[in-house]
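Student: I would like a close look at a single part of this model, taken slowly and with the reasoning spelled out. Please treat one helix in detail and tell me how its residues are arranged.

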Amino acid sequence: MNIFSLYSKLPVFIQNILCSVKGYKLEKERYGGEYQDIFESLKESEGWSDDEIIEYKEKNIARILQYAYDHTKFYKRFFDQHGVRPQDFKCLDDLVRFPILTKEMVRENWEDMISDEFSRKDLIAYHTSGSTGKALDFFWTRHSLRYYWAVVWRGRERFGIKKGDLHINFTGKIVVPLSQVKPPFWRYNKPLNQYMLNMQHITKDKINDIVEFINLKKAKFFVGYPSIIYSFALLVEENGLTIINPPLYIFSSAEKMYDFQRDVIERVFAGVKIVEHYGFSENAASASKDIDGLYHVDYELGHMELKVKIPNGSISTGEILATGFQNLGMPFIRYEIGDTATFIGDNVISDIEGRNEDFVLIPEGSKVMRFDYIFKRTKEIKECQIVQKKIGEMIVRAVPRMDIDIRKFEDEIKTAVKEWISPTIKVHFEYVEAIPRTKAGKFKAVISELRQK
C-alpha cells in the first residue's frame, strides 16, 4: 500500500492535519530564512528608474555568466565550443554573442549544469515534461525558491492581498480522494490559510455542496489554473447557482486564460478582478500583471529577451529567452522557453502566446498556435481542443452542450477556419464528455502529434 492509498483511508480530520503538516513544511521552505529580506528589497527595487534597471541587469548577467563558467562543467564546455568568454559581456547588447540553451540540451546535460558549489542534498529537485512526454530534470536552490515566492507576493500585494489572507486553491493535485462521494470535497492547509479543491471533484453532482462551502467561507482570493476555475464557473452557471460571496481577486498561472474562460468567470464571480502571472517551472524569469493590466517583467528574478525581434511600430514580438539571476545551483542562461511574447519597450509585455510545440501546421506552410477566436460566434460548446495528427487535417475536439445543433456548429467552425486559418485544411470533429488534462492537471488548447511519429 502506497502513502496516498493510506492517506485516502484516513478520516477527513486526519487528512486535514496531514495537509497542514505539509503546509508547515512549505511555509518553512518558501518563507523561512532570508525571505523577508528578499521581499523588502523587492518592494524597494520596483520603484527603480530605467537606468537603474539596466545597471542591475548588466551586473547580474555578468555575474551569472562568470559563475556558470567557473562552477559548471556544461557552461565551461558550451561557451568554449562557441568561442565566447564571460569577459566578452560588457552591456546588454553583448548577450546575443552567447549561445542559446534549449530544452533538449538540458535533458542531455542537466547533471553537468549543476554547480560544483552545491551538493545534491542542498538542492530542491523538480521534474517536468512537455507535450512530447520527454522528462526534464532540474534543481532550484532554497534561495531561488524564496526569491520566486517573494516576487509572487510582491505582485499580489499591489492589489492589497497579503500573505495569510484566506484563499482557495483550485488544483490539479488530488488532495481529496477520488473515492469520496460526500462532502467535504475540500481540505484545509492551516499554515498557508488555504482551502484546496482538486479538479476531479468539480462535477455536477457535487457543485451545490462546493458553492455552499464557498459562500460560507468568504475567501479573499482564489488561485489556480484558469481551465479548472473556468470548469467550476461553468457548472455554477449551468446549474443556476449563485456565488453570493465572490473573491476580490483570482490569481491565475501556468496556463494562458482565454477570452471565453474569462467571460464566464467574470459573470459567475461578480466584480472579481482576474490577475495573470507568467512563470515557468525552470524559474529563470517571470512577469506579473499590474493594475494597468499589462505584464511587468520581474527583472530582479531574471532577464527576458526576444530570440528574433519582429518589430511593429513601438512593439516587438518574438520567442522568449530567459537568463535567471537567482538560481546558482543550476543556472539557466539564454534559455529557450518555447513561449512567444509581445513587448512594449524592454520590461512591459502586452501579451504572451502559447508554447511553440503546440501548433497546427497548415497546408499553406504556416504554424498556427491560437484558435480561440474561431469559437467566438458559437455558444454550443463548453470548451474545445485542437488536435493535429496528419498534415493537412485538424481535429476539433469539443465538449458539447445538451442543446447543441451539431450541423450549425460544424458549419460555423468550418467557415471560420476557412476565413481565419486555412481555406484548404480539412476539419474533422470529435465530441467528448471532457477534455483530457495533462498529468499536472493543465489544459492544453492545441496538441500536435506530428512529431511523435
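Tutor: This is a predicted model, and the part to look at is helix α11, whose buried residues pack against three strands, namely β18 (381-388), β19 (393-400) and β20 (426-431). The residues in question are Phe409, Glu410, Ile413, Ala416 and Val417, each of them buried in α11. Because these residues cover an arc of only 130 degrees around the axis, they lie on the same side of α11. On the other side of the helix one finds Arg407, Lys418 and Glu419, which are exposed; in this model, buried means a relative accessible area under 20%, whereas exposed means over 50%.

The length of the helix can be checked as well. Helix α11 runs over residues 406-420, and its 15 residues, at 1.5 Å a residue, should span 21 Å; since the C-alpha atoms at its ends are 21 Å apart, the model agrees with that expectation. The expected value follows because the span is taken as 1.5 Å times one less than the number of residues.

Taken together, α11 has one side that holds its buried residues, from Phe409 to Val417 in the list above, and these are the residues that pack against β18, β19 and β20, while the other side carries exposed residues, among them Lys418 and Glu419.

Note on methods:
Residues are numbered from 1 along each chain as its sequence is written. This is a predicted model: local features need pLDDT of at least 70, side-chain atom pairs count only at pLDDT 80 or more; totals for chains, interfaces and linings use all residues. Side-chain values use heavy atoms; hydrogens and water are left out. Helices (H or I, at least four residues) and strands (E, at least two) are DSSP runs, numbered from the N terminus. Buried means under 20% relative accessible area, exposed over 50%, partly exposed in between (1.4 Å probe, protein chains only). The arc is that of the directions from the helix axis to the C-beta atoms. Contact means heavy atoms within 4.5 Å.
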